[in-house]
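Open the model in your viewer and keep the sequence panel beside it. The tour goes from one selection to the next and says what is found at each stop.

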Amino acid sequence: MTDQPKQVGGGRKTLGDFAPKLADLTDDVLFADVWNRTELPARDRSLITVAVLATGGDTDQLRFHLGRAIENGLTQDELIEAITHVAFYAGWPKGMAAMGVAKELFAPE
């Protein structure tokens, strides 16, 4: 699974001047280490991450990770299906909120 794109975080770019330690952990541990482990492809990590964020109602982070999921090879249809599936287990309001984010990102302009 070495042909997958290297995953890079944006912690320093977005928070480096305000919360440097959190930015370092985001970039150096979460992305440089965890996201790039070869035991699970980035595509699968993205699907899991989208499901967990939708389940938790974490729509701000979901915005970023839906885009990352597309970059990692998931399709819009697969992500919409995953959110639909998650809605039954996470609760309808969380599923609807997550789908609202997907619609904002994926709807044609």
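Select Asp 24 first. In this predicted model, Asp 24 is partly exposed, with a relative accessibility of 27%. Now add Arg 12 to the selection. The two residues form a salt bridge, and their closest N and O atoms are 3.2 Å apart. Arg 12 belongs to helix 1 (residues 11-15) and Asp 24 to helix 2, so the pair ties together parts that are 12 residues apart in sequence. Arg 12 is also partly exposed, at 40% relative accessible area.

Keep both residues and select Asp 27, which is in helix 2. Is Asp 27 buried or exposed? Its relative accessibility is 10%, so Asp 27 counts as buried; the cut-off for buried is under 20%. Leaving aside residues up to four places away in sequence, Asp 27 touches Gly 9, Gly 10, Gly 11, Arg 12 and Ala 32. Show these five as sticks to see what surrounds the side chain.

**Helix 4**

Next, select residues 59-71, which are helix 4. This helix has 13 residues. From its first C-alpha to its last it reaches 19 Å, close to the 18 Å expected at 1.5 Å a residue. Colour Leu 62, His 65, Leu 66, Arg 68 and Ala 69 within the helix: these residues are buried. What do the buried residues of helix 4 pack against? Their partners are helix 2, helix 3, helix 5 (76-90) and helix 6 (92-106). Then go just past the end of helix 4 to Gly 73, where phi is positive, at about 105°.

Stay with helix 4 and select Arg 63 together with Glu 104. Their side chains meet in a salt bridge, 3.5 Å from N to O. Arg 63 is in helix 4 and Glu 104 in helix 6, so this pair links distant parts of the chain, 41 residues apart. The two ends differ in exposure class: Arg 63 is partly exposed at 34%, while Glu 104 is exposed at 55%.

Now select Arg 68 and Glu 71. This salt bridge has its closest N and O atoms 3.7 Å apart. Both residues are in helix 4, and being 3 residues apart they are separated by about one helical turn. Glu 71 is exposed, with a relative accessible area of 60%, whereas Arg 68 counts as buried at 8%.

Go back to the first stop and add Asp 28. Arg 12, Asp 24, Asp 27 and Asp 28 are joined into one network by salt bridges that share partners. How many salt bridges does a search of the whole structure find? It finds 7.

**The loop after helix 2**

Select the loop between helix 2 (20-31) and helix 3 (42-56). Val 34 is found in this loop and is partly exposed, with a relative accessible area of 33%. Add Leu 25, Val 29 and Leu 30: with Val 34 they form a nonpolar patch on the surface. Together the four residues have about 280 Å² of accessible area.

The loop between helix 2 and helix 3 also holds Glu 39. At 55% relative accessibility, Glu 39 counts as exposed. For a distance reading, pick the C-alpha atoms of Glu 39 and Val 52. The two residues are 13 apart in sequence, and their C-alpha atoms are 19 Å apart in space.

**The whole chain**

Finally, clear the selection and show the whole protein as a cartoon. Which secondary structure elements are there? The protein has 6 helices and 0 strands, and along the sequence the pattern is α-α-α-α-α-α. Its radius of gyration is 14 Å, close to the 13 Å that the globule rule gives for 109 residues, so the protein is as compact as a globular protein of that length. Along the principal axes, the C-alpha atoms fill a box of roughly 35 × 35 × 30 Å.

Switch to a surface view. The protein exposes about 7000 Å², and carbon and sulfur atoms supply 60% of this area. Of the 109 residues, 31% are buried. Turn on contacts as a last step. Among those between residues at least 6 apart in sequence, 58% join residues at least 24 apart.

Key. Residues are numbered from 1 along each chain as its sequence is written. This is a predicted model: local features need pLDDT of at least 70, side-chain atom pairs count only at pLDDT 80 or more; totals for chains, interfaces and linings use all residues. Side-chain values use heavy atoms; hydrogens and water are left out. Patches are made of residues with over 30% relative accessible area and no salt bridge: like charges are joined within 9 Å, nonpolar side chains (Val, Leu, Ile, Met, Phe, Trp, Tyr) within 5 Å. Accessible areas come from the Shrake-Rupley method with a 1.4 Å probe; for residues, only the protein chains shown count as cover. Helices (H or I, at least four residues) and strands (E, at least two) are DSSP runs, numbered from the N terminus. Buried means under 20% relative accessible area, exposed over 50%, partly exposed in between (1.4 Å probe, protein chains only). The radius of gyration is taken over C-alpha atoms; the globule rule is 2.2 Å times the number of residues to the power 0.38. Contact means heavy atoms within 4.5 Å. The expected span of a helix is 1.5 Å times one less than its number of residues.
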